[in-house]
Every structure is written in structure tokens, then in C-alpha cells.
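Colleague: I should be grateful for a close look at a single part of this model, together with its immediate surroundings. Please keep to what can be read from the coordinates.

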Amino acid sequence: MFKNYHIDGNKEMIAIGMMNIAGSCTSCYLTTGCTTAMSNVVMAIAVMFTLLFLTPLFHYTPLVVLSAIIIAAMLGLIDYEAAILLSKVGTFDFVVCMSACIGVVFGSVEIGLVLVETFRIPYMLYRNVEQYPNASNVPGILILEIDAPIYFANTNYLRERITRWINDEEDGTKSAGESSLQYVILDMTAVGNIDTSGISMFEVVKKLVDRRGLQLVLANPGSEVMKKMNKSELIENTCQEWIYLTVAEAVAACNLMLHSTKPNPGKDQEPAAWNNVDGFGCEFMYQKAIST
């Protein structure tokens with residue numbers, strides 16, 4: 001304290017700043033908090049001397065200051081306990097974490113992000129093929145996403161579109177000389193509700209895929225949908241053992257069966273893609289999107 005004054009540094013800086021803003025409008029001397037205007041003369045001389053003779057000494061100062069700021073910020077971001085926990089929970093997550101950290105520290109932020117996205121690729125396998133036309137097909141699997149509630153107004157449309165997709169997929173694989181379709185996965189993530197007409201539609205679709213020697217698989221049906229399907233005994237009578245939380249898990253299970261069991265009579269074993277039936281859309285391996 002100077003002269004027993006209680007000074008608030010923040011308020012003092014705000015006051016000096018406001019004074020300089022107001023003074024700049026009337027060509028006043030800069031306010032420095034000094035007693036006399038001689039302070040401006042001393043400051044001008046010091047700045048001139050620095051610019052003329054000391055500039056080479058400050059050549060690397062911006063880099064040093066920036067580096068110090070980055071290091072200080074990074075030290076606060078490093079969470080040793082979280083890294084140790086990742087190493088215990090899963091090796092893959094720990095490797096992703098350390099790769100991103102090393103990429104940023106010894107490379108750049110861009111390199112760190114590239115490393116993270118590279119490791120994330122296995123988790124981002126499915127996209128609408130209309131948005132990603134170069135996406136690859138999933139051998140032996142047709143994936144359809146229903147992106148709307150299933151009720152009396154759209155059940156006939158959905159049944160016709162599913163049937164047409166199956167027909168087109170099987171015709172396409174035959175003409176291309178590829179292996180035949182084995183599984184039909186319906187992604188129900190966006191299906192918020194279903195009525196009795198929708199349940200009847202599923203029963204018809206199940207009979208259709210059974211006649212063709214295919215397996216119907218459901219991915220991520222919501223709680224409300226599952227409740228109604230269970231009450232109607234639809235799950236028990238159709239695909240009780242073929243329900244998965246995600247499309248990726250459903251595809252993994254289907255691929256496991258494709259490679260561990262013999263193909264159906266008259267069927268080889270291969271192609272399909274994730275298609276979008278208006279209610280149908282998906283990720284990295286779709287085919288087309290159709291709107292209701």
C-alpha cells in the first residue's frame with residue numbers, strides 16, 4: 001500500500017483504461033498513474049532506446065512467451081489419474097489418449113486430431129451411401145434404418161420398400177456374380193413408437209425373409225417399442241435372439257455367423273449394404289434414402 005491507500009488492482013487498471021480512452025478523444029497525454037507528465041517523457045525515451053538498441057535481444061521473446069503459456073496451460077490439462085484409469089479399463093482407449101497427447105506435444109494440434117480420428121474409424125462404420133457414395137458394402141448383409149414411428153399410415157409403404165430392397169439386393173448380387181444375401185438388419189434407433197399395424201407389418205416381413213432363407217435382425221429398438229413388441233409376443237415369435245444395442249454389434253454378430261457356419265443351400269455368402277428406407281437411413285454402408 002502506498003500512503004496507506006487500499007488499492008484494487010483490477011479497478012485501477014479499468015480506471016486507467018477508461019481515462020486513456022476518454023483522453024484519446026481530446027489529444028491528452030496518456031494516463032500512467034504517475035504524479036507528473038514527466039513520466040511520459042521517461043517512457044518515450046525508454047521505448048526509443050529499446051527499439052534502437054535492444055530489439056535483437058527480444059527477437060525470440062514472443063516464441064518463449066507463447067511456449068511458456070502453452071506449457072502452463074498443458075500442465076493443467078494433464079490428468080494422470082484419468083490416464084491410469086484408462087489403462088486399467090481398456091488398452092485401446094489408453095493408446096488413443098497417449099497417441100493424441102504425443103501428437104499434439106511433438107507435432108501439432110492437427111496431427112493429434114488426425115491420430116484420434118484414425119483410431120475412431122472402427123467405431124464409425126456406417127453412413128448413408130447417398131451421402132457417402134464411395135462407401136463399401138457389408139458382405140452378405142442388408143442394413144435398413146427406419147427413421148420414423150411405425151403406424152398404420154406408413155406400414156404398407158415400409159413393407160413394400162423393405163421387400164423391394166431385398167429384391168434389388170439379391171438381383172444385384174446375382175448379376176455381379178457376388179455372394180448372396182444372408183441377413184437383413186433393421187436399425188430402429190429413430191423409431192419412437194409402434195402400433196398394432198406396425199407389429200403386423202413386422203410379422204409379414206419376418207415371413208418374407210424366412211421364405212427366402214434370410215435372418216431378420218433388429219438393432220436398438222427403443223424401450224416403448226420393445227414393450228409393445230413383447231406384449232404382442234412379436235419378439236418371441238420372430239427374432240428373440242437377434243436383437244442388438246447397435247448396428248455395429250449386429251453386423252459383428254452376423255459376420256461371425258457368416259464366417260463360422262456353412263452358407264444356406266443355393267447361397268454363397270457375401271454382399272449387401274446399409275440402405276435407407278425413409279424412414280430408412282444409416283451409417284457408412286447404406287445404399288439409398290427414401291422419404292415417406
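Modeller: What follows is an account of one strand, its partners, the core around it and the salt bridges.

The model is a predicted one. The part chosen is strand β3, residues 215-219. Five of the five residues of β3 are buried, so the strand is largely enclosed by the rest of the structure. Gln 215, Val 217 and Ala 219 point one way from β3, while Leu 216 and Leu 218 point the other way. Both sets are buried.

Strand β2, residues 183-187, runs parallel to β3 and is joined to it by five bridges. Within this pairing, Ile 185 stands opposite Val 217 of β3. Between the two strands the chain passes through helix α8, residues 196-211, and the resulting β-α-β crossover is right-handed. β3 also pairs with strand β4, residues 243-244, again in the parallel sense, here over two bridges. Tyr 244 of β4 is the bridge partner of Ala 219.

The setting of the strand can be described through the nonpolar core. The largest such core has 42 residues, and those with the most contacts inside it are Ile 141, Ile 150, Ile 166, Ile 185 and Phe 202. Ile 185 is thus both the residue opposite Val 217 and one of those with the most contacts in this core. β3 supplies at least two residues of the core, as does each of β1 (141-145), α7 (155-175), β2, α8, α9 (223-231), α10 (234-237) and α11 (247-260). Helix α8 gives the most, with six residues.

Ile 166 deserves a separate word. When its neighbours within four places in sequence are left aside, Ile 166 is in contact with Leu 142, Leu 181, Val 184, Leu 208, Val 209, Arg 212 and Leu 214. One of these partners, Arg 212, also takes part in a salt bridge with Glu 170, in which the closest N and O atoms are 2.8 Å apart. Glu 170 lies in helix α7 and Arg 212 in the loop between α8 and β3, so this pair ties together parts that are 42 residues apart in sequence. Glu 170 counts as buried because its relative accessibility is 11%, under the 20% limit. Arg 212 is partly exposed, with a relative accessible area of 27%.

The count of salt bridges comes to three. In one of them, the side chains of Asp 210 and Lys 206 meet at 3.3 Å, N to O. Both residues lie in α8, four residues apart, about one turn of the helix. Lys 206 is buried at 9% relative accessibility, whereas Asp 210 is partly exposed at 42%. Another joins Glu 224 and Lys 227 at 3.9 Å, N to O. These two lie in helix α9, three residues apart, which is likewise about one turn of the helix. Glu 224 is partly exposed, with a relative accessible area of 32%, and Lys 227 is partly exposed, with 43%.

As for covalent links between cysteines, the count comes to zero disulfides. Cys 25 is exposed at 68% relative accessibility, whereas Cys 254 is buried at 0%.

Notes: Residues numbered from 1 in each chain as written. Predicted model: local features only at pLDDT ≥ 70, side-chain atom pairs only at ≥ 80, totals over all residues. Heavy atoms only, no water. Buried < 20%, exposed > 50% of the residue type's maximum accessible area, 1.4 Å probe, protein only. Pairing = 2+ DSSP bridges. Right-handed = clockwise from strand over helix to strand, strands pointing away. Disulfide = S-S within 2.5 Å. Core = buried A, V, L, I, M, F, W, Y, C linked by side-chain atoms within 4.5 Å. Contact = heavy atoms within 4.5 Å. Salt bridge = Lys/Arg side-chain N within 4 Å of Asp/Glu carboxyl O.
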